[in-house]
Amino acid sequence: MRREFLKYLSEMPVLWFGISVLVGLIFIGDTVTDLEIAFAVLYVSVILLTVRSGRTGAIAVVGIACAALTILSYFLTRHGASQAGLINSALSIVAIGATTYLAIRIETIDARAREAQSELARMSRLMIVGELGTSIAHEVSQPITAITANGNAALRWLAAAPADHDEARRAIERIVADAGRAGDVIGRVRLLVSRSSPSRDMVDLGEAIDNVLELVRSEIRKNQILLRTELANDLPLVAGDRVQLQQVILNFVMNAIEALADVSADVRELLVSAAAAESKITVSVRDTGIGIAPARLDRIFEAFYTTKPNGMGMGLAISRSIIEAHGGSVYAAPNFPHGTVFGFTLPLDGKSRG
Ligand SMILES: Nc1ncnc2c1ncn2[C@@H]1O[C@H](COP(=O)(O)OP(=O)(O)OP(=O)(O)O)[C@@H](O)[C@H]1O
Ligand SMILES: [Mg+2]
């Protein structure tokens, strides 16, 4: 508990430094000015700042500390009428108390909304993984079939007279590689469906894209889609939640695959790219699918907007809220000559929130 708290403090040093300086200044101001001046009301701004910490406990502690400092200042102040001072201090404490109460309520509602959003994101991941079930099973069963074949081969090489150890070793090496591949696929699925609250990692978006494409590989193959990637190889890391960002890419890619299913097989192309410029990084998913009428473009990010018989219309709404929570923005535009391009940009200044 203590360690967690210290870790948390170290993650938001600028905020806490700012709050401490402000508290110090208000305390000095309140103590050196006359009792008639209700300087302590300014503590309200400190409490409002504390909301940014996202912790109700921290807001309560700061509220109580501000009230205590107001009382301490009252006793330390040398000048002014003590009755006016008493009334001013009492008023300040009421203001501090009311603000603290409201700030805690706002933060509680906010936290609930964030929780609901991350649960929704998880549900949508589960749904997509469910849809991808056969593909993922195929992705895993392929290496397992190869493992069985190579295992039998190794046994035969060893049983031969004389035994061929080199061939047996090569077969076993292939087994190890295939087992690793199967394990990777399972690991990716597990990561994607895991119930985790948003975290703040340093995310390699190139790797995130590779992971997602690995999951949909057989879906892409089955639909005869020509997949290309253009990933700049010096992509900087972005601060954010890796699972959530993968979720966004997965939503875009699944939509693209669905849009491509409705056009003839010889024009099905999917291009996933990532590039960094100045202070932002852009990921885009470009398809040559059925496209979207310009008039509908501004509706597709709305929750429950869908044109698919079995669609929920949640994929893009969730994607937008994830990206905006990271301080970025999503966009959609027609692709030339047909299809659509979806993308998001994230700031690289480290100010993003995961
Ligand atoms: N790449 C695309 N090409 C054409 N239309 C698209 C594309 N992506 C999204 N759309 C349109 O936007 C709508 C909303 O997409 P969204 O992902 O939010 O929901 P959905 O795919 O219909 O359902 P789900 O919640 O299962 O993802 C889609 O129904 C479709 O009409
Ligand atoms: Mg969708």
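**Salt bridges and a surface patch**

Colleague: Is Glu139 buried or exposed, going by its relative accessibility?

Modeller: Glu139 has a relative accessibility of 2%. Buried means under 20% relative accessible area, exposed over 50% and partly exposed in between, with a 1.4 Å probe and protein chains only. Glu139 therefore counts as buried.

Colleague: Thanks! What sort of model is this, and how are residues numbered?

Modeller: This is a predicted model, where local features need pLDDT of at least 70 and side-chain atom pairs count only at pLDDT 80 or more, while totals for chains, interfaces and linings use all residues. Side-chain values use heavy atoms, leaving out hydrogens and water, chains are lettered from A and ligands numbered from 1 in the order in which they are written, and residues are numbered along each chain as its sequence is written, from 1.

Colleague: Which residue meets Glu139 in a salt bridge, at 2.7 Å?

Modeller: A salt bridge here is a side-chain nitrogen of Lys or Arg within 4 Å of a carboxyl oxygen of Asp or Glu. For Glu139, the N to O distance is 2.7 Å, and the pair links distant parts of the chain, from helix H6 (residues 133–159) to helix H9 (residues 217–222), 78 residues apart. Helices are DSSP runs (H or I, at least four residues), numbered from the N terminus. The partner is Arg217.

Colleague: Which residues are linked with Arg217 in a network of salt bridges?

Modeller: Arg217 is partly exposed, at 30% relative accessible area. Its side chain also meets that of Glu214 at 3.3 Å, N to O, and Glu214 is partly exposed at 21%. Together with Arg217, the network takes in Glu139 and Glu214.

Colleague: In helix H9, which residue lies three residues from Glu219, about one turn of the helix?

Modeller: Glu219 is buried at 13% relative accessibility, whereas its partner is exposed at 55%. Their side chains form a salt bridge at 3.6 Å, N to O. That partner is Lys222.

Colleague: Lovely. How much accessible area does the nonpolar patch of Phe17, Val21 and Leu25 have together?

Modeller: Patch residues have over 30% relative accessible area and no salt bridge, with nonpolar side chains (Val, Leu, Ile, Met, Phe, Trp, Tyr) joined within 5 Å and like charges within 9 Å. Phe17, in helix H2 (residues 13–32), is exposed at 62%. Areas come from the Shrake-Rupley method with a 1.4 Å probe, and for residues only the protein chains shown count as cover. The patch of Phe17, Val21 and Leu25 has about 320 Å².

Note on methods: Helix = DSSP H or I, 4+ residues; strand = E, 2+ residues; numbered from the N terminus.
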